[in-house]
Amino acid sequence: MKNLTLTSIDAADGSGARRERSRVNVDGVIIGESPVVIAGPCGVESEAQTMTAAVAVKQAGAQLLRGGAFKPRTSPYAFQGLGLQGLKILAKAKVETGLPVVTEVIDPRDVNWVAEYVDMLQVGARNMQNFTLLKALGRIKKPVLLKRGMYSTIEEWLNCAEYILSEGNPHVVLCERGIRTFETYTRNTLDLSAVAAAKELTHLPVIVDPTHGTGRPSLIAPMSAAAVAAGADGVIIEVHPEPEKALSDGDQALTPNQFFTFMQRFQAVTQALAQSGPKPSVL
Ligand code: PEP
Ligand code: MN
């Protein structure tokens, strides 16, 4: 890894001793202790849709609500998100459920005002190397969820985290969300080795997005179990009240009922792992 100068995120300090692992506090929810679940729709489409999803994920046991108000879409004609209206809906969903909110920001000029509406800002895979955006996020105090680009190496991903920390914001959580390979059965190939590698190389928490990582609802539970077994600090899952009517990513969303079942399985796995001893770490 030639360009890996991990001054801020390095797992080791200058003397080679391992640094304490970071914990990121998202309005009271700590990422970096026991595994957390972030859940909600891909996009905020309406107040009713978001509220239904938010209440359902809260009842099932999720700790954070996700929902995109700015959607970076492959086609310019596809749903682009509700913008400010979407942020207001998310803020209302937080009041209703008590769940802190995670949303994606795609334009550096939006960072400061979007941060006033939400608790954590997400950098999407398509924007991972938007260095102006990363620097802007480095100058705020709110936590940042940095997704790995779908064509990015682990080294490139970690350098992007370094951009944010070097500007002064230490509250960064990494997210593996799958990379493009020759495989077509899954939407992406979920690279769980990147989770273990990122935890070996850095002190940052790492979560996994098995929804975009596989694109298949049936694979979300098994990949979430594998993620936490590999040392992930949580998962982010898309849930939609009516996936068949979703304006984005309907094919991969869980229904509220499916999410409830998912949570029961996920909690059983995390409890079993907690009882079996310490998390996987460097030997
Ligand atoms: C999303 O979380 O809805 C999203 C667009 O994810 P990614 O950037 O990983 O594709
Ligand atoms: Mn999505």
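Which loop holds Asp249? I looked this up before anything else. Asp249 sits in the loop that runs between strand S10 (234-238) and H9. I also noted its backbone: phi of Asp249 is near 55 degrees, a positive value in a residue other than glycine. I keep in mind throughout that this is a predicted model.

**Entry: a second positive phi**

I turned to Asp27, where phi is near 45 degrees, again positive in a residue other than glycine. Asp27 belongs to the loop between strand S1 (24-26) and strand S2 (29-31). I have Asp27 down as partly exposed, because its relative accessible area is 48% and the upper limit of that class is 50%.

**Entry: the whole chain**

I listed the secondary structure of the protein chain and got nine helices and 10 strands. I then checked the overall dimensions. The C-alpha atoms fill a box of roughly 55 × 45 × 40 Å along the principal axes. For 283 residues, a compact globule would have a radius of gyration near 19 Å, and the protein chain, at 17 Å, agrees with that.

I recorded the burial next: 53% of the 283 residues count as buried. The protein chain exposes about 12400 Å², and carbon and sulfur atoms supply 52% of this area. For contacts between residues at least 6 apart in sequence, I noted that 71% join residues at least 24 apart.

**Entry: ligand 1**

Which residues surround ligand 1? I wrote down Cys42, Arg66, Lys71, Glu104, Gln122, Gly124, Ala125, Arg126, Lys147, Arg177, His212 and Glu238. By class, this shell divides into two nonpolar, three polar and seven charged residues.

I went through the polar side chains facing oxygen atoms of the ligand. Gln122 has a polar side-chain atom 3.0 Å from an oxygen atom of ligand 1. For His212, the distance from a polar side-chain atom to an oxygen atom of ligand 1 is 3.2 Å. In the side chain of Glu238, an N or O atom is 3.1 Å from an oxygen atom of the ligand. I then looked up the cover: ligand 1 taken alone exposes 300 Å², of which the protein buries 97%.

**Entry: helix H1, Gln49 and Thr50**

I moved to helix H1 (residues 47-60), which contains Gln49. Thr50 lies in H1 as well. Gln49 counts as buried because its relative accessibility is 7%, and the limit for buried is 20%. Thr50 is buried too, with a relative accessible area of 0%.

The side chains of Gln49 and Thr50 are joined by a polar contact of 2.8 Å. What does each of them touch beyond four places in sequence? For Gln49 I found Pro41, Gly43, Val44, His240 and Pro241. For Thr50 I found Val44, Glu45, Ile89, Leu90 and Ala93. Val44 appears in the list for Gln49 and in the list for Thr50.

**Entry: the start of helix H9**

I looked up Pro256, which is in helix H9 (residues 256-275). Is Pro256 buried or partly exposed? I put Pro256 down as partly exposed, because its relative accessibility is 23%. Setting aside neighbours within four places in sequence, Pro256 is in contact with Ala56, Val239, His240 and Pro241. His240 and Pro241 are also touched by Gln49. I took one distance here: Pro256 and Glu242, 14 residues apart in sequence, lie 8.8 Å apart from C-alpha to C-alpha.

**Entry: helices H6 and H5**

Which residues of helix H6 (residues 192-201) are buried? I noted Leu192, Ala194, Val195, Ala197, Ala198 and Lys199. An α-helix has 3.6 residues a turn, so residues three or four places apart point the same way. The buried residues of H6 pack against helix H5 (154-166), strand S8 (172-176), strand S9 (206-208) and helix H8 (217-229).

From H5 I picked Glu155. With a relative accessible area of 16%, Glu155 is buried. I closed with a distance: the C-alpha atoms of Glu155 and Pro170 are separated by 19 Å, at 15 residues apart along the chain.

Conventions. Residues are numbered from 1 along each chain as its sequence is written. Chains are lettered from A and ligands numbered from 1 in the order in which they are written. This is a predicted model: local features need pLDDT of at least 70, side-chain atom pairs count only at pLDDT 80 or more; totals for chains, interfaces and linings use all residues. Side-chain values use heavy atoms; hydrogens and water are left out. A residue is near a molecule or strand if one of its heavy atoms lies within 4 Å of it. A polar contact is a pair of N or O atoms within 3.5 Å; within protein, one must be able to donate a hydrogen and the other to accept it, and residues adjacent in sequence count only if both atoms are side-chain atoms. Accessible areas come from the Shrake-Rupley method with a 1.4 Å probe; for residues, only the protein chains shown count as cover. Ala, Val, Leu, Ile, Met, Phe, Trp, Tyr, Cys and Pro count as nonpolar, Asp, Glu, Lys and Arg as charged, and the others, Gly among them, as polar. Helices (H or I, at least four residues) and strands (E, at least two) are DSSP runs, numbered from the N terminus. The radius of gyration is taken over C-alpha atoms; the globule rule is 2.2 Å times the number of residues to the power 0.38. Buried means under 20% relative accessible area, exposed over 50%, partly exposed in between (1.4 Å probe, protein chains only). Contact means heavy atoms within 4.5 Å.
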